[in-house]
Amino acid sequence: MRWAEGFIAVDWGTTNRRAYLLDTSGRCSNEFEDSKGVLSVGSGGFPAAVEEIRKKLGDQPMLLAGMVGSNRGWKDAPYVPCPAGIDDLVGKLVWVGEREAIVPGVSYVGEGRADVMRGEEVQLLGAVAAGLVEPDALVCHPGTHNKWAELRCGGIRKFQTIMTGELFSLLKEHSILSDLLGGEVDVNDTFCAAARYAINNEALPAELFSVRANVILGQAKKEDAASYMSGLLIGTDVRIGLRVPTSSNIVVIGRPELTRLYAAAIAQTDRTAVELDGEKCFVAGITEIAKRMR
């Protein structure tokens with residue numbers, strides 16, 4: 001079967017899924033997104049969930065990536081170890097049926113630590129395949145669990161995960177700061193000042209409580225608290241990510257509402273960040289995988 005003649009690509013995460021109907025050039029003619037992530041699919045429910053996608057987009061072969069290949073998903077697709085390129089992913093595709101294949105994630109073990117990703121690898125390598133990112137680059141992929149990936153010769157050499165998005169969510173929903181963090185997060189002077197402070201200092205645990213104290217004592221406005229907290233967390237994230245020495249611009253891939261925050265924080269280090277749309281990078285990566293399938 002020639003996948004590059006047309007197929008459905010699915011980016012299936014923990015809480016959401018997005019599916020695209022793609023032609024041979026990678027052009028998307030139809031798509032949809034919903035909240036039916038892998039955790040919403042009951043035991044034995046994936047065949048029906050897949051047929052639901054086909055009812056919306058057509059009876060085409062399907063290439064899936066993300067948490068659908070985890071032990072909570074349809075079928076476990078073992079991780080490909082770093083260094084990993086697109087050909088490595090193609091060589092380890094996991095077939096569920098005659099017309100459904102799952103892209104494996106990528107793992108890293110080294111420097112006394114271990115790490116894994118699922119879904120981000122398609123976007124990272126897709127950006128390289130599309131010529132949007134140089135073969136040697138430092139890439140930031142913000143999300144619930146942000147990734148800093150070092151690319152070498154067009155492949156993922158190593159990466160590190162930072163739970164910035166989840167930390168913000170936990171503080172917002174389950175901490176003494178909850179009543180302060182309901183406002184919008186904006187790229188403003190408050191956000192940039194907090195990011196700059198966090199980049200230049202290693203005092204995050206102490207600074208978290210200061211968000212509350214500053215509001216109580218009239219040193220800060222309640223409506224600025226969410227932006228300040230986000231700046232502290234993302235600034236700390238950037239400080240960790242930029243430990244990797246690089247002379248090139250930093251590329252930030254993801255949803256625009258997140259990439260703009262990271263680009264603003266990176267700018268506090270007098271570095272330039274190039275923002276790329278994660279959806280476009282995913283389509284580019286999944287299309288390149290389909291082209292190389294035999």
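Reader: Which ring does arginine 118 lie over?
Author: This is a predicted model, in which local features need pLDDT of at least 70, side-chain atom pairs count only at pLDDT 80 or more, and totals for chains, interfaces and linings use all residues. Numbering starts from 1 along each chain as its sequence is written, and side-chain values use heavy atoms, without hydrogens or water. A charge sits over a ring if NZ of Lys or CZ of Arg is within 6 Å of the ring centre and within 35 degrees of the ring normal. At 4.2 Å from the ring centre, arginine 118 lies over the face of tyrosine 79.

Reader: How far is the charged end of lysine 56 from the centre of the ring of phenylalanine 32?
Author: Here a lysine takes the charged role. Its charged end sits over the ring of phenylalanine 32. The distance to the ring centre is 4.3 Å.

Reader: How many aromatic pairs does a search of the whole structure find?
Author: Rings of Phe, Tyr and Trp (its six-membered ring) pair if their centres lie within 6.5 Å; planes under 30 degrees apart count as stacked, over 60 as edge-to-face and the rest as tilted. The search covers the whole structure. The count of aromatic pairs is 4.

Reader: Are the rings of tyrosine 20 and phenylalanine 282 stacked, edge-to-face or tilted?
Author: The two ring centres are 5.8 Å apart. Their planes meet at 35°, so this pair is tilted.

Reader: How many residues apart in sequence are the parts that tyrosine 20 and phenylalanine 282 tie together?
Author: Helices (H or I, at least four residues) and strands (E, at least two) are DSSP runs, numbered from the N terminus. Tyrosine 20 belongs to strand 2 (residues 17-22), while phenylalanine 282 belongs to helix 9 (residues 278-292). The pair therefore ties together parts whose separation in sequence, in residues, is 262.

Reader: Are tyrosine 20 and phenylalanine 282 buried or exposed?
Author: Buried means under 20% relative accessible area, exposed over 50%, partly exposed in between (1.4 Å probe, protein chains only). Tyrosine 20 and phenylalanine 282 are each buried.

Reader: Which residues do ring pairs link into a cluster?
Author: Ring pairs do more here than join two residues. The cluster they build holds Trp12, Phe46 and Trp74.

Reader: Which buried residues lie on each side of strand 2?
Author: Strand 2 is mostly covered, with 6 of its 6 residues buried. In a regular strand, side chains alternate between the two faces of the sheet. Both faces of strand 2 are covered. One side has Arg17, Ala19 and Leu21; the other has Arg18, Tyr20 and Leu22.

Reader: What is the bridge partner of alanine 9 in strand 2?
Author: Two strands pair if DSSP finds at least two bridges between them. Strand 1 (residues 7-12) pairs with strand 2 in the antiparallel sense, over 6 bridges. A hairpin of 4 residues connects them. Across this pairing, alanine 9 is matched with tyrosine 20.

Reader: What is the bridge partner of tyrosine 20 in strand 3?
Author: Strand 2 also runs antiparallel to strand 3 (residues 28-34), joined by 6 bridges. There, the partner of tyrosine 20 is glutamate 31.

Reader: Which residue in the turn between strand 2 and strand 3 has a positive phi?
Author: These strands form a hairpin with 5 residues between them. In the turn, a positive phi of about 90° belongs to glycine 26.
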